[in-house]
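Work through the two exercises below with the model open. Each task is followed by a solution in steps.

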Amino acid sequence: MNARGRLATLTDVTELTESSLGSVPMFRGKAEQKLLERGLDPARLPPGQYLTEKWPVLHAGDVPQTDLATWDFTVFGEVEEPLRLGWDEFTALPRTESMQDIHCVTRWSRFDAQFAGVHWRELAKLARPKPSARFVVAHAEQGFTSNVPLEYLEDDDALLATHADGEPLTPEHGWPLRLVIPRKYFWKSAKWLRGIELRATDEPGFWERYGYHNDADYWKEDRYSF
């Protein structure tokens, strides 16, 4: 199925879910009640979302095959020193951990997801972003891209993650490397990451070109641009 077809399918699923629940306020009430029953703060759940302990798998295309012996990661664009790192070089960089809630545009949310990997600041020390760098395009396998303002990559909770919940990422969730961007719907957190491009101007990513909202703010329900 092509990307446009997948977008239509996901949209159909969302509409069906809302229809079967009767109304968004009813959906919200049930979702909040379940959180209260578990002793969780309903204020953590963005509008239109429901909590799951699972980590659903959604992506366009097949899971890529990766050989770490030939894998590399690049940083380019508005930088003084473009980088190309092999897997051993990348994983030798200082590491950090982050715990955060993640929220998918298809309406599931997962609380207290744990990630470990390399923070952008470690790469920025080597690549030295130019003053003109204001936006990021994440480049992943199979031509997938996602875009955010640079400030979101600089966030303390942002990561170039190799591990989730104490284990290496699984192939379905982006092994060997995925982006983790806080405060955005999770499609911005590109799987199978291969490079970071810094830009002076914004450029829509893969899903944005097929109708997803460029801002992806889950508190504002920035799901689609149509």
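**Exercise 1. Give the strand order of the open sheet of five strands, then place helix H4 against the sheet.**

Step 1. The order is E3-E2-E11-E6-E7, and the pairing is mixed; strands are DSSP runs (E, at least two residues; helices are H or I, at least four), numbered from the N terminus, and two strands pair if DSSP finds at least two bridges between them.

Step 2. Strand E3 (83-86) and strand E7 (145-149) are the edges, each pairing on one side only.

Step 3. From one strand to the next the twist averages 15°.

Step 4. Helix H4 (residues 120-127) touches E2, E3 and strand E11 (193-199), contact meaning heavy atoms within 4.5 Å. The direction of H4 makes about 125° with that of E3 (axes fitted to C-alpha atoms, for helices over the stretch in contact; angles from 0 to 180 degrees between N-to-C directions).

The model is predicted: local features need pLDDT of at least 70, side-chain atom pairs count only at pLDDT 80 or more, and totals for chains, interfaces and linings use all residues. Residues are numbered from 1 along each chain as its sequence is written, and side-chain values use heavy atoms, leaving out hydrogens and water.

**Exercise 2. Which parts of the chain does the salt bridge of Arg-183 and Asp-155 link?**

Step 1. The N to O distance is 3.0 Å; a salt bridge needs a side-chain nitrogen of Lys or Arg within 4 Å of a carboxyl oxygen of Asp or Glu.

Step 2. Arg-183 lies in the loop between strand E10 (178-180) and E11, and Asp-155 in the loop between helix H5 (150-154) and strand E8 (159-164), 28 residues apart.

Step 3. Asp-155 is buried at 17% relative accessible area, whereas Arg-183 is partly exposed at 40% (buried is under 20%, exposed over 50%, partly exposed in between; 1.4 Å probe, protein chains only).
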